[in-house]
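Here is a short briefing to read alongside the structure. Please keep the 3D view open and turn it as you go.

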Amino acid sequence: MDPRFKMKLIEFSFSKIYGEDAGMWIKIIDDNVHELFYEYSTPALPPPETFVGGGNEIVPKTETLEGASQESHNIDVSSQDVTLISVGDGLSDFEVYISEITSTQQMKSELDQYLEESLLPRAQEFDILGWWKLNRIKYPILSRMASDILSIPFSTLAPDSLFDTKNKMMDSYRGSLRPVTLEALICAKDWFQYASSTSQVQSETLKPDFKV
């Protein structure tokens, strides 16, 4: 979801990590991203039909609206067909070519169009959430998807350590140490921490009016 890297960083990194098997892992990432985009792009359930009563007959309102829109669509298409036929300037093939290109572009999803565009130049000061906010009109579905994904906080803890509710027990190796060894390890740790903190304080506070 970073317009400076997109899938190019995945392809570059996986080719170094997995070698010849990189294509399989890249495809897994690409399929999962497209599946997640499909879930975001799936429309919600349609609203319930409302009925309009006219005399003794009840007609669904949605059907009347669809019929009216279909009639208006037929009228517009017929008028456009008449206009195209009446042009007669020898560019009918050009009109067909433009319609084919337009239909092909409309078949591509927002995700495919976003991935096919060139990468943004890498900059140190880059507000990725601000970029998606500015491009939410161009990518309405992807902007929602990016805001949800990028707002998830990162964690360096392992999942089992984060969600484990059991009491932490010492393993057999640590439990087999003698009490004297454990005491020595704890004391050595405290001494090292004290020595490092003392040296840092002395280096930062060496002034003529320094008082102990």
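How are helix 1 and helix 2 oriented relative to each other? In this predicted model, helix 1 (residues 6-17) and helix 2 (residues 22-41) pack at an angle of about 150°. Angles over 145 degrees count as roughly antiparallel, and helix 1 and helix 2 are therefore roughly antiparallel to each other. The points below go through this pair, then a second helix pair, then the largest pocket.

**Helix 1 with helix 2**

- The axes of helix 1 and helix 2 lie 9 Å apart, and the crossing of these two helices is right-handed.
- On the helix 1 side, the contact is made by Met7, Ile10, Glu11, Phe14 and Ser15.
- Their partners in helix 2 are Ala22, Trp25, Ile26, Ile29 and Asp30.
- Sorted by class, this contact holds seven nonpolar residues, one polar residue and two charged residues.

**Helix 2 with helix 7**

- Helix 2 also packs with helix 7, at an angle of about 115° and with the axes 10 Å apart.
- That angle makes helix 2 roughly perpendicular to helix 7.
- The crossing of helix 2 and helix 7 is right-handed.
- From helix 2, the residues in this contact are Val33, Leu36, Phe37, Tyr40 and Ser41.
- They meet Ile141, Leu142, Arg144, Met145, Asp148 and Ile149 in helix 7.
- By class, the contact of helix 2 with helix 7 has eight nonpolar, one polar and two charged residues.

**The largest pocket**

- If you would like a place to zoom in, the largest pocket has a volume of about 250 Å³.
- Its lining is made up of 15 residues, and Met1, Lys6, Met7, Ile10 and Val33 lie nearest the centre.
- Helix 1, helix 2, helix 5 (110-116) and helix 7 (140-150) are the elements that each give two or more residues to this lining.
- Which helix gives the largest share of the lining? Helix 1 does, with four residues.
- The lining has 13 nonpolar residues and two charged ones, with no polar residues.
- Met7 and Ile10 appear twice in this briefing: they meet helix 2 as part of the helix 1 contact, and they are among the residues nearest the pocket centre.
- Val33 likewise takes part in the contact of helix 2 with helix 7 and lies among the residues nearest the centre of the largest pocket.

How values were computed. Residues numbered from 1 in each chain as written. Predicted model: local features only at pLDDT ≥ 70, side-chain atom pairs only at ≥ 80, totals over all residues. Heavy atoms only, no water. Axes fitted to C-alpha atoms, helices over the stretch in contact; angles between N-to-C directions. Parallel < 35°, antiparallel > 145°, perpendicular 65-115°, else oblique. Left-handed = near helix turned anticlockwise from the far one by under 90°. Contact = heavy atoms within 4.5 Å. Nonpolar A, V, L, I, M, F, W, Y, C, P; charged D, E, K, R; others polar. 1 Å grid on protein atoms, 1.4 Å probe; cavity = no way out; pocket = protein on both sides within 12 Å on 5 of 7 lines; lining within 4 Å. Points joined across faces, edges and corners; volume = space filled by probe spheres on them.
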